[in-house]
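I opened my notebook beside the structure to look up a few side-chain details. Here are my entries, in the order I made them.

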Amino acid sequence: QVQVVESGGGLVQPGGSLRLSCVASGLSLDYYAIGWFRQAPGEGREGVSCVSRSGDTTYYADSVKGRFTISRDDAKNTVYLQMNSLNPEDTAVYYCAADPSGLATVQQMCELGPHPRSSWGQGTQVTVYS
């Protein structure tokens with residue numbers, strides 16, 4: 001089973017940018033759809049963006065559409081989340097999940113959550129402060 005580790009979080013002012021990375025080990029990411037999810041204090045988990053195994057299909061939550069971009073570099077076994085125009089509502093712990101099932105569309109993965117056999121990272125904190 002693949003292991004994933006997130007990095008790239010931090011403190012940023014409104015309007016700023018961050019790039020999160022999800023690095024996999026153990027198996028190639030080629031076999032996995034990848035999703036970025038976030039959870040703010042006292043809130044439920046939200047699917048932010050998901051990308052298919054091939055990388056040709058992506059999904060974005062309405063709250064981040066036009067500001068965030070997901071991409072994958074399978075040669076580096078890494079998926080990125082470029083986050084621009086950050087605002088305080090983006091403050092959360094961000095997690096990546098690697099879904100091996102191939103059973104769901106990226107929209108389903110993001111909206112309903114990844115397959116139970118998915119691998120999750122430990123999360124990276126993003127704080128947008130004014």
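**Salt bridges**

My entry starts with Glu46, which I find partly exposed, with a relative accessible area of 27%. I kept in mind that this is a predicted model. Then I looked up what Glu46 reaches: its side chain meets that of Arg38 in a salt bridge, 2.8 Å from N to O. Arg38 itself is buried, with a relative accessible area of 7%. So this bridge joins a partly exposed Glu46 to a buried Arg38.

How many salt bridges are there by this rule? I get a count of five.

Next I turned to Asp62 and Lys65, whose side chains meet in a salt bridge at 3.1 Å, N to O. Asp62 has a relative accessibility of 67% and counts as exposed, since that value is over 50%.

My third stop was Arg67, which forms a salt bridge with Asp90; their closest N and O atoms are 2.8 Å apart. Where do Arg67 and Asp90 lie? I find Arg67 in the loop between β6 (58–60) and β7 (68–73), and Asp90 in the loop between β8 (78–83) and β9 (92–99). The pair therefore ties together parts that are 23 residues apart in sequence. I noted that Arg67 is buried, and Asp90 is buried as well. I also traced the shared partners: salt bridges join Arg38, Glu46, Arg67 and Asp90 into one network.

**Positive phi**

I went through backbone angles next, with a reminder to myself that most residues other than glycine have a negative phi. Asn77 is not a glycine, yet its phi is positive, at about 55 degrees. I place Asn77 in the loop between β7 and β8. Is Asn77 buried or exposed? Its relative accessibility is 16%, so Asn77 counts as buried, the cut-off being under 20%.

Ser85 also went on my list, with a positive phi near 50 degrees in a residue other than glycine. Ser85 belongs to the loop between β8 and β9. At 41% relative accessibility, I log Ser85 as partly exposed.

**Around Thr91**

I stayed in the loop between β8 and β9, where Thr91 is found. What does the side chain of Thr91 reach at 2.9 Å? I find the backbone nitrogen of Val128 there. A polar atom of the Thr91 side chain also lies 3.1 Å from the backbone oxygen of Pro88. I then listed the contacts of Thr91, leaving aside its neighbours within four places in sequence: Ala40, Gln125, Val126, Thr127 and Val128. Val128 thus turns up in my notes both as a contact of Thr91 and as the owner of the backbone nitrogen that its side chain reaches.

**Aromatic rings**

My search of the whole structure for aromatic pairs gave two. Phe37 and Trp120 form a tilted pair, with 5.2 Å from centre to centre and 55 degrees between the planes. Phe37 lies in strand β4 (residues 33–39) and Trp120 in strand β10 (residues 119–120), so this pair ties together parts 83 residues apart in sequence. I checked accessibility for both partners: Phe37 is buried at 1%, whereas Trp120 is partly exposed at 34%.

Trp120 also pairs with Tyr95, and I log that geometry as edge-to-face: 6.5 Å centre to centre, with 80 degrees between the planes. Here again distant parts of the chain are linked, with Tyr95 in strand β9, Trp120 in strand β10, and their positions 25 residues apart. Tyr95 is partly exposed, at 23% relative accessibility. Taken together, the ring pairs link Phe37, Tyr95 and Trp120 into a cluster.

**Charges over rings**

For my last entry I looked for charges over ring faces. The charged end of Arg45 sits over the ring of Phe37, 5.4 Å from the ring centre. My notes thus have Phe37 under the charge of Arg45 and in the cluster with Tyr95 and Trp120. Which residue lies over the face of Tyr80? I find Arg19 there, at 4.1 Å from the ring centre.

Conventions
Residues numbered from 1 in each chain as written. Predicted model: local features only at pLDDT ≥ 70, side-chain atom pairs only at ≥ 80, totals over all residues. Heavy atoms only, no water. Salt bridge = Lys/Arg side-chain N within 4 Å of Asp/Glu carboxyl O. Buried < 20%, exposed > 50% of the residue type's maximum accessible area, 1.4 Å probe, protein only. Helix = DSSP H or I, 4+ residues; strand = E, 2+ residues; numbered from the N terminus. Polar contact = N/O pair within 3.5 Å; in protein donor to acceptor, adjacent residues only side chain to side chain. Contact = heavy atoms within 4.5 Å. Phe/Tyr/Trp six-rings, centres within 6.5 Å; stacked < 30°, edge-to-face > 60°. Lys NZ or Arg CZ within 6 Å of the ring centre and 35° of its normal.
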